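Trainee: Could we go through this one together, asking of each label what earns it?

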Amino acid sequence: MLKLFSANFWDVVARLILRNKIAILLGVVLVTIFFSTQWKYMRFTYTEANLLPDDHEVNITYNDFLKVFGEEGNLIVLGVKDTTLFTVEKLNAWNALSDSFREAPEVETVVSIKDLQKLVKDQENEKFALEPFIKDSVASIEQIEKLQDQLFNQYPFYDNFLFNKKTKTVRTAIYLKKDIVNTPARKDFVMDNLVKKVKAFETSQGMNVRISGMPYIRTLNAQNIVDEINLFVLAALLVTSLIFFLFFRSFRATFISLIVVCIGVMWTLGILGMLGYEITVLTALIPPLIIVIGIPNCIFLINKYQHEVKSHGNKVKSLQRVITKVGNATLMTNVTTASGFATFILTESTLLKEFGVVASLSILAIFILCLLIIPIIYTFLPYPKERHLEHLNKKWIGGFVDWMEKMVREKRITIYITSIVLLVVCLIGIFQIKISGSLIEDMPKKAEFFQDIRFFEEEFDGIMPLEIMIDTKRKQGVMKLATLKRMNKIEEFINETPEFSKPISVVGLVKYSKQAYYNGNPKYYQLPTSQENSFILSYAKNSTSNVDLLKNFVDSTGQYARITTFMKDIGTDKMERIQENLQDKIDNVFPEERYNVTMTGKALVFQKGTKYLVKNLAISLSLAVILISLFMAYMFRSFRMIIVSLIPNLLPLVVTAGLMGYLGVPIKPSTILVFSIAFGISVDDTIHFLAKYRQELQANNWKIKKSVYAALRETGVSMFYTSIVLFFGFSVFIISSFGGTVALGALVSVTLLFAMLSNLLLLPSLLLSLERSIANKEVLKEPTINIIPSEDDDEEEKSFISEEK
């Protein structure tokens, strides 16, 4: 019954498409215009990718920190490592550059060497006062030498904050307003103000200025993503159209395919805008993905049309068969491909959910476009010329098919041994895979801003913020000497850990206050005793300027304090061990009943997010396997056939995972996508092969060997064509400057190549070896859906062709 319904359904679809050509084309144009109006709603990402669910404990902790202290990633730093900076002209120019950013509406405050102030004791008024190191500008070299001596030797509070006394590297800190850090205003400031002024300073002073900080890194990284969308789309169009032309030797067929996939890209961008999703490093991959996946659809449809025309020369009959005979197959293969992407919708990560939604919808959209546009356009075109059909008889393709058949017929044991050896070797490699939670690992290594990150890591021990928030559970609890001493122990541990920068907190300010109380003597840069604390606090309370110094370290109630440090970009495993050691120290120093201490920060959130995704990788892949198995069960109604069909598709995934282990490619957000995507695409070949195999079994009176070889010869060419297109199409991503995108493209390409060989060699070998148990009428029951219907014309087809004539 369902089989009859399916056949009738596709007959109806063919009638509707071919009889309403103008209306359908007009509809496609109108929908495309609608989607183009949605482009204006596309948003470029201004925040880091948050891989964790909103209600995850790590996210909750981070958001609690933001509620108390506000956005923590608002710091941009400028750095110079040049001995000529310490001259009158250049130091004044450096200070002038820093001053030029103060008036920008996006800037909250700027701290440069000129802004550094000494905390001095005003004994007469019993308070602390602030005096600048540089009052107006530097007038002499002697003044510079005095400044260096004071900063590098006398005031440890500023050590490693704006300078590195060992290498004489100097930097300026620019704090953006917290409410604009995650808005387009950040990009406007960075690109139109900051970068231009720094370039002008470099030209005039002949010095190399390094720029870093999360707002700057995120801005340039996001700009790279946007720039690469156009690059990927053009490269994908060029590569796939070139391969398509080499196969078909037809400008007409190539041009039609390009029209279809270009409209598909327009629809994809429209879906992004309509749903209000941000363009991230993942969603930026979807437009070129649609080109790469859409071209094989075009190959199937155009190849079928040309086969039919060559067979009987009837254009109406050929176009009707393109829809009825290939429609089911392409629908099912696109559904399985979309399912591989759709599994990401079931994860709790917003980033992956959005990627899964847009990708799966776009894949189904490109299928509809191919099915509508290609047959309709060919109704208006003349018959293909003889030279356009020559590719159907290419000898080298025949040679490839002959080689496959010979391998399956004569080298079956070799195929099994090779598969088992690959399986064992790659399983060993899987245990060598590492997990990467690095926030910057996927960033363009050759980009200037990435080199600047490494510079600041070397000079100031990193730029990835790690925050420790101390809740004293009572107002003004931070300034209790017992709390300060506990915080000091944590800071000592951080200073002893080379992967952390010097911590910044209220502890340093209190030590600085004691030094000031003893007239600036650096040996008193330490926490006060109980007796000293009362005197120093009385001075501090009378100092209105002290409030400004405290506001970044302590909340307005005095209940919460923060310790800020910066991490180097190191391996995830090592970072986890360091964090565990730090947490153990915190647990030992701060009694749980009196304090609530949490670790957070963007780098920590990203690292935990990667670990979370890895845990969900097995779930996502399992869902893809189960979902696609259900499709197979619905189509073939044979449990044994499902098991046999999964083996040649899971083996390439194991091989890819093994290669990642041996080649040192870590598991990270970008490479996690490989497995579900590759599985969803590679299973398409299996569906085509098994559908043709079933048809051959019925046509050849259940003669197993004859049916397997016939299916191999029939589907081998189209599988080869589509696999080559997919291989080179995904290889386009190798030109990316993002390490994760390069890895994604290379790994998916390799996986699909292995999948093609597995489906053309291992799958038919398994069918032949297990013929008695899986290839009989009882096991291979009548299918629910005929993926490839019979070639015989039914009455509906004849009637339709007659009416069209």
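**Labels and their cut-offs**

Trainee: What makes D99 partly exposed?

Mentor: Its relative accessibility is 23%. Buried means under 20% relative accessible area, exposed over 50%, and partly exposed in between (1.4 Å probe, protein chains only), so D99 counts as partly exposed. Keep in mind that this is a predicted model: local features need pLDDT of at least 70, side-chain atom pairs count only at pLDDT 80 or more, and totals for chains, interfaces and linings use all residues. Residues are numbered from 1 along each chain as its sequence is written, and side-chain values use heavy atoms, with hydrogens and water left out.

Trainee: Why is the contact of D99 with K114 called a salt bridge?

Mentor: A salt bridge is a side-chain nitrogen of Lys or Arg within 4 Å of a carboxyl oxygen of Asp or Glu. For D99 and K114 the closest N and O atoms are 3.2 Å apart, so the pair fits the rule. D99 sits in helix α4 (residues 88-99) and K114 in the loop between β3 (107-111) and β4 (117-122), 15 residues apart. Helices (H or I, at least four residues) and strands (E, at least two) are DSSP runs, numbered from the N terminus. K114 is partly exposed too, at 24%.

Trainee: How many salt bridges does that rule give?

Mentor: The count is eight.

Trainee: What about E467 and R562: are they buried or exposed?

Mentor: E467 has a relative accessible area of 1%, so it is buried. R562, at 10%, counts as buried as well. Their side chains meet in a salt bridge, 2.7 Å from N to O. E467 belongs to strand β10 (residues 464-471) and R562 to strand β11 (residues 560-567), so the pair ties together parts 95 residues apart in sequence.

Trainee: Now the largest cavity: what makes a space a cavity?

Mentor: On a 1 Å grid over the protein atoms alone, a cavity is a set of points where a 1.4 Å probe fits but cannot get out; lining residues have an atom within 4 Å of a point. Grid points are joined across faces, edges and corners, and a volume is the space filled by probe spheres set on the points. The largest cavity has a volume of about 150 Å³.

Trainee: Which helix gives the most to its lining?

Mentor: That's α9, with four residues. Lining residues include I293, P296, T333 and D684.

Terms used. 1 Å grid on protein atoms, 1.4 Å probe; cavity = no way out; pocket = protein on both sides within 12 Å on 5 of 7 lines; lining within 4 Å.
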